[in-house]
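Work through the exercises below with the sequence and the structure at hand. Each task is followed by a solution in steps.

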Amino acid sequence: MADDKDVLRDVWFGRIPTCFTLYQDEITEREAEPFYLLLPRVSYLPLVTDKVRKHFQKVMKPDDVGEMWFEYEGTPLKWHYPIGLLFDLYASNTTLPWSIFVHFKNFPQQDLLHCPSNSVIEAHFMSSIKEADALKHKGAVVNEMQKKDHKQLWMGLQNDKFDQFWAMNRKLMEYPTEEGGFRYIPFRIYQVTSNRPFIQKLFRPVASDGCPHTLGDLLKEVFPAAIPQNDGQKKYQVMIHGIEPMLETPIQWLSEHLSYPDNFLHISIIPAPSD
Amino acid sequence: MRCTWMRKVSGSAGSADGYMKKTVLGRGKINTPSLDGSCKSEEDVCALGKETQEGAPDGSEWEALDAEWSAAIRYEYHVLYSSSYQTPVLYFRASALDGRPLSLEEMWDNVHPSYRRRLLHSPWDTITQQEHPCLGQPFFVLHPCRTWDFMSPILEAAQNECRKLNYIVSWLSVVGPMVGLEIPLSYATVASKPERTAAR
């Protein structure tokens with residue numbers, strides 16, 4: 001049986017092999033070769049794609065290089081979603097590498113948030129951490145941290161430093177023993193075909209009788225269609241970090257070990273493969 | 001009292017999810033859009049804050065300013081409830097009449113100077129661009145985590161004076177003006193009449 005700490009490492013170091021191709025309507029001075037990169041599942045696109053921008057800038061005139069944005073099969077990719085979530089949601093049952101188109105013009109303002117600098121990513125990241133802590137501890141842990149502690153969480157993510165990040169993040173994963181878990185579990189459930197971006201509700205990790213709630217309990221409450229029926233036909237896959245955790249897994253354990261660095265469980269509901 | 005707020009329900013009928021929406025036409029300043037649609041960097045936005053400290057214009061500069069500030073802007077305000085913070089949150093966006101969304105820089109231009117300085121210096125009170133949780137589109141949001149700091153004195157005062165309080169109206173009257181949303185006094189006179197019964 002893997003040690004729980006190994007799970008934390010496996011989640012942090014997950015990578016997705018990706019092929020970046022310049023979109024055909026971008027104006028280049030000579031042919032642009034595709035660029036290959038291993039993307040960290042737990043990070044954000046603008047944080048890890050400087051090399052992509054530099055690669056394509058080499059064959060373009062500076063005037064033609066606007067804000068970079070990414071698209072997969074016609075869908076603009078929301079940079080404020082973690083990379084692993086985007087992959088699980090849109091491309092998890094396709095062959096690798098993940099093929100993404102790169103754009104430098106016609107920024108889709110109705111669909112995507114702007115990302116003019118890394119401090120915007122930092123603000124988003126810290127905002128998620130704050131919200132997660134509001135759910136878990138009424139914000140008590142984040143408020144007790146100093147500004148340098150907040151910085152350490154961000155720098156740990158930005159520089160891919162597992163130990164630096166978790167030295168601080170472990171405080172956000174603590175809870176009073178007598179409670180048996182967090183106040184509420186920070187989670188969001190995503191489904192591509194839905195007309196709303198995600199489902200987020202208040203959900204306690206422990207029932208009033210003291211029994212720990214499971215992933216199955218969460219789904220029953222918030223997305224009952226994802227629970228396989230008795231006839232055995234599985235309509236959906238419930239995916240976190242590219243795996244389908246067993247529905248019997250305690251949700252408190254999932255929150256402590258399979259959350260993204262922003263402290264949220266980002267869960268994808270995707271159609272089960274029909275083969 | 002004529003009310004121009006609309007209730008919008010998202011999701012299936014009978015769902016508790018939804019938000020209040022109000023659209024306002026106002027006057028303000030918008031830039032000629034840059035050709036590639038890209039936006040300015042954060043340094044430029046901070047520079048705007050510094051500009052407001054240089055003092056108000058006077059004399060003949062008012063006429064030129066008036067022309068500059070005559071563009072028609074369509075503001076959309078949504079009040080949502082954050083279950084994470086257990087507080088209302090104000091989402092808003094603005095567009096030119098041709099539908100072009102205003103940039104963060106243009107939004108800052110249209111925030112009253114006295115609020116602009118305060119908002120820029122306090123990171124947790126600041127305006128950021130966020131995804132609307134029901135519509136999935138980019139909106140600007142006033143960060144909700146300091147709401148309790150300014151609402152609790154208001155709640156306490158109302159309690160001490162045995163005055164009925166409409167939380168949403170009071171909250172909106174504080175945050176709304178920061179982002180150009182006017183709250184008519186009539187909202188307040190309807191919402192918080194003094195109670196004649198004794199305090200509990």
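The exercises treat a helix, an interface and a chain fold.

This is a predicted model, in which local features need pLDDT of at least 70 and side-chain atom pairs count only at pLDDT 80 or more, while totals for chains, interfaces and linings use all residues. Residues are numbered from 1 along each chain as its sequence is written, chains are lettered from A, and side-chain values use heavy atoms, without hydrogens and water.

**Exercise 1.** Find which residues of helix α1 of chain A are buried (under 20% relative accessible area, 1.4 Å probe, protein chains only).

Solution.
1. Helix α1(A), a DSSP run of H or I with at least four residues, spans residues 4-12.
2. Its buried residues are Val7(A), Leu8(A), Val11(A) and Trp12(A).
3. Viewed down the axis of α1(A), the buried residues fall within an arc of 130° (directions from the helix axis to the C-beta atoms), so they line one face of the helix.
4. They pack against β1 (15-22), α7 (147-158), α8 (162-172) and α10 (251-257) of chain A.

**Exercise 2.** Describe the contact (heavy atoms within 4.5 Å) between chain A and chain B.

Solution.
1. Chain A contributes 29 residues and chain B 28 residues.
2. The buried area (accessible area lost by both parts together, 1.4 Å probe) is about 2,500 Å², and carbon and sulfur atoms give 50% of this area.
3. There is one salt bridge (Lys or Arg side-chain nitrogen within 4 Å of an Asp or Glu carboxyl oxygen) between the chains. Lys78(A) and Glu131(B) form a salt bridge at 2.3 Å, N to O.

**Exercise 3.** State how many helices and strands chain B has, and their order.

Solution.
1. Chain B has seven helices and six strands (E runs of at least two residues).
2. From the N terminus, the order is β-β-α-α-β-β-α-α-β-β-α-α-α.
3. Of the 200 residues in chain B, 38% are buried.

Definitions and conventions
Buried < 20%, exposed > 50% of the residue type's maximum accessible area, 1.4 Å probe, protein only. Buried area = accessible area lost by both parts, 1.4 Å probe.
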